[in-house]
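Q: Could you take me on a close look at one part of this structure, and then follow the trail outward from there? I would like a connected account rather than a list.

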Amino acid sequence: MRSLLLLLALAWPAAAEVAPDRAAELEHMVTQDCGSCHGLTRKGGLGSPLTPEALAGAEAEGLATIILDGIPETAMPPWRPLLTEEEATWIARYLKQD
Amino acid sequence: MKRAFVMLALCASPLFTSPALADATGDLGLVIERATGSLLVIDRSDHAAVGRVEGLGDLSHASLTYSPDERFAYVFGRDGGLSKVDMLERTVVARTVQAGNSIGGAISDDGSLVAVSNYEPGGVKVFDAGTLGLVADIPAEGKTIGLVDVPGRRFAWTVWDTGEVFLGDFAGAEPQITALGNAGKNPFDAVITDDAHTYLVGLFGEKGVTAYDLWSDQPEPRKFLTDYGKTEEDMPVYKMPHLQGWAFTEGQYALPAVGHHELLWVDRASLEEVATTPVHGQPVFVIAQPASPYVWVNFATPLNDTVQVVDSRTHTVVATLNPGKAVLHMEFAPRGAEVWISSRDDNKVLIYDTRTREKVAEIAADAPSGIFFTARAHQPGL
């Protein structure tokens with residue numbers, strides 16, 4: 001159990017540290033690039049709404065996995081080529097605003 | 001005190017002088033400023049911004065179309081807002097928030113009706129172009145895309161979720177809606193050729209494009225390009241290609257491959273693939289330079305600082321330009337002499353001479369996306 005927790009902790013750094021400059025870039029990316037499918041205000045478009053209310057029931061870790069790997073058979077693309085796991089986790093928290 | 005007052009007055013004076021009513025609109029255009037929900041009014045010959053219209057709501061993924069006299073623009077906002085803008089007064093003269101989430105629109109051939117395609121709730125709404133009063137409401141089983149005008153006060157559209165295609169005839173007292181069968185899985189956009197002959201529907205959920213012959217009394221789906229790029233893995237698509245402005249040139253269609261960094265060339269008559277051109281990234285817009293053999297291509301993020309020019313005779317890239325960060329759209333002068341290119345992250349519109357392919361001017365704009373010259377008023381499908 002302990003090692004499982006440790007593994008999880010390793011896979012999902014709790015703090016999701018990103019440098020301030022990079023954070024500003026990620027914020028821009030969420031608005032503009034995610035926004036082209038999810039809307040500038042994240043209220044939805046071709047992609048589902050990504051407002052804190054819409055994501056209230058989801059864990060940040062699960063969302064980060066979706067961001068990295070996409071959702072097969074849908075238009076949600078995998079962002080792993082462009083984002084690290086820390087960055088995806090940062091975006092997931094940013095979306096949930098927690 | 002007096003001086004301070006004068007200074008204040010100077011500061012407060014509008015940036016742009018108000019136009020005389022005798023101004024012509026044939027040289028004007030609008031640039032969508034997506035972050036601020038405003039439109040920049042541009043003058044093509046002067047290479048200048050001449051005004052700004054504000055208060056248009058969420059303009060991400062916005063588009064617009066013009067009235068036949070080029071006096072008014074109908075602006076379709078992401079937030080479901082439909083606004084009618086006066087190009088001379090530079091004001092919003094009518095506005096209605098007609099749905100929760102919308103994607104685009106079209107004007108009928110006679111200029112009397114404006115139609116909007118909606119995501120949420122899905123369907124098409126048709127408005128009186130004069131008053132923006134609702135004329136017809138046609139719900140759909142999902143998000144509607146690819147709305148185009150068809151001659152005879154008709155519109156065609158497609159449903160992303162179900163693949164269904166519809167033709168609506170609004171010439172009579174009651175709308176006549178005809179189902180045209182199924183285009184395929186998850187159509188992402190559709191376009192009508194400049195001769196209003198063929199409605200082309202691009203598919204995302206499966207390989208291929210579906211063509212409808214709209215000159216036929218009973219248009220039927222005809223699928224082609226069903227196996228492009230089959231030898232390689234598909235790459236992630238970070239932005240859906242747009243088909244409006246799809247290039248029709250040299251007897252061919254130049255189409256964006258979905259999930260491949262390629263242009264696909266298809267013979268217009270046989271619908272056979274004739275060539276592919278490897279390009280810089282996932283193509284977004286593929287637009288023909290008027291009166292020339294060239295098409296210009298921009299690309300999806302993160303490769304979106306580049307524009308390429310491809311020769312439709314040889315299918316080779318003849319120029320690669322780096323206009324700026326996040327190039328979102330290109331609009332040609334009607335006779336092709338110049339192309340105006342929006343660079344969202346550089347907050348600029350760049351003007352290139354198409355003959356020298358050199359930059360001749362630039363205009364400051366706030367996160368610009370779509371650029372629309374009033375000459376669109378006279379082109380079917382725009």
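A: Happy to. This is a predicted model, and a good place to begin is B:Leu225. Setting aside neighbours within four places in sequence, B:Leu225 is in contact with B:Lys207, B:Gly208, B:Val209, B:Leu255, B:Leu264, B:Val266 and B:Glu273.

B:Leu225 and B:Leu255 both turn up again in the largest nonpolar core, which has 27 residues. They are among the residues with the most contacts inside this core, together with B:Trp160, B:Leu200, B:Phe204, B:Phe224 and B:Trp246. Two or more residues each come from β16 (187-192), β18 (209-213), β21 (252-256) and β22 (262-267) of chain B. A second core, separate from this one, has 22 residues and draws on both chains: A:Met76, A:Trp79, A:Ala92 and B:Tyr238 are included in it. In soluble globular proteins, nonpolar side chains tend to be buried together.

From B:Trp160 the trail leads to a charged residue. B:Trp160 is in contact with B:Lys143, which sits in the loop between β11 (134-139) and β12 (144-150) of chain B. Beyond its neighbours within four places in sequence, B:Lys143 also touches B:Asn118, B:Tyr119, B:Thr158, B:Val159 and B:Asp161, and from the other chain A:Gly45 and A:Leu46. B:Lys143 is buried but forms no salt bridge. Its nearest side chain of opposite charge is that of B:Asp161, 4.7 Å away, whereas a salt bridge is counted within 4 Å.

Let us move along chain B to β25 (residues 294-299), where six of six residues are buried. B:Tyr294, B:Trp296 and B:Asn298 point one way from this strand, while B:Val295, B:Val297 and B:Phe299 point the other way. β25(B) has an antiparallel pairing with β24 (residues 283-288) of chain B over four bridges, and B:Val297 stands opposite B:Val286 there. These two strands make a hairpin with five residues between them, and B:Ala291 in the turn has a positive phi of about 55°. β25(B) also pairs with β26 (residues 307-311) of chain B, antiparallel and over five bridges; in that pairing B:Asn298 has B:Val307 as its bridge partner.

A hairpin with five residues between its strands is also formed by β4(B) and β5(B), and here B:Glu70 in the turn has a positive phi of about 60°. Four bridges join antiparallel β4 (residues 63-66) and β5 (residues 72-76) of chain B, with B:Ala73 as the bridge partner of B:Tyr66. In β4(B), B:Ser63 and B:Thr65 point one way, B:Leu64 and B:Tyr66 the other, and all are buried. On the next step, β5(B) is joined by five bridges to antiparallel β6 (residues 81-86) of chain B, where B:Phe76 stands opposite B:Leu82. The result is an open, antiparallel sheet of four strands in the order β4-β5-β6-β7 in chain B. Because β4 and β7 (91-97) of chain B each have a single partner strand, one side of each is left without a neighbour in the sheet. The twist averages 20° from one strand to the next.

Our last stop is another open sheet of four antiparallel strands, ordered β28-β29-β30-β31 in chain B. Its edges are β28 (327-332) and β31 (359-364) of chain B, each with a single partner strand. Neighbouring strands here are turned by 20° against each other on average, direction ignored. Five bridges link β30 (residues 348-353) of chain B to β31(B) in the antiparallel sense, and B:Tyr352 has B:Lys359 as its bridge partner.

Definitions and conventions. Residues numbered from 1 in each chain as written. Chains lettered and ligands numbered in written order. Predicted model: local features only at pLDDT ≥ 70, side-chain atom pairs only at ≥ 80, totals over all residues. Heavy atoms only, no water. Buried < 20%, exposed > 50% of the residue type's maximum accessible area, 1.4 Å probe, protein only. Lys, Arg positive; Asp, Glu negative; His and termini not counted. Contact = heavy atoms within 4.5 Å. Pairing = 2+ DSSP bridges. Axes fitted to C-alpha atoms, helices over the stretch in contact; angles between N-to-C directions. Core = buried A, V, L, I, M, F, W, Y, C linked by side-chain atoms within 4.5 Å.
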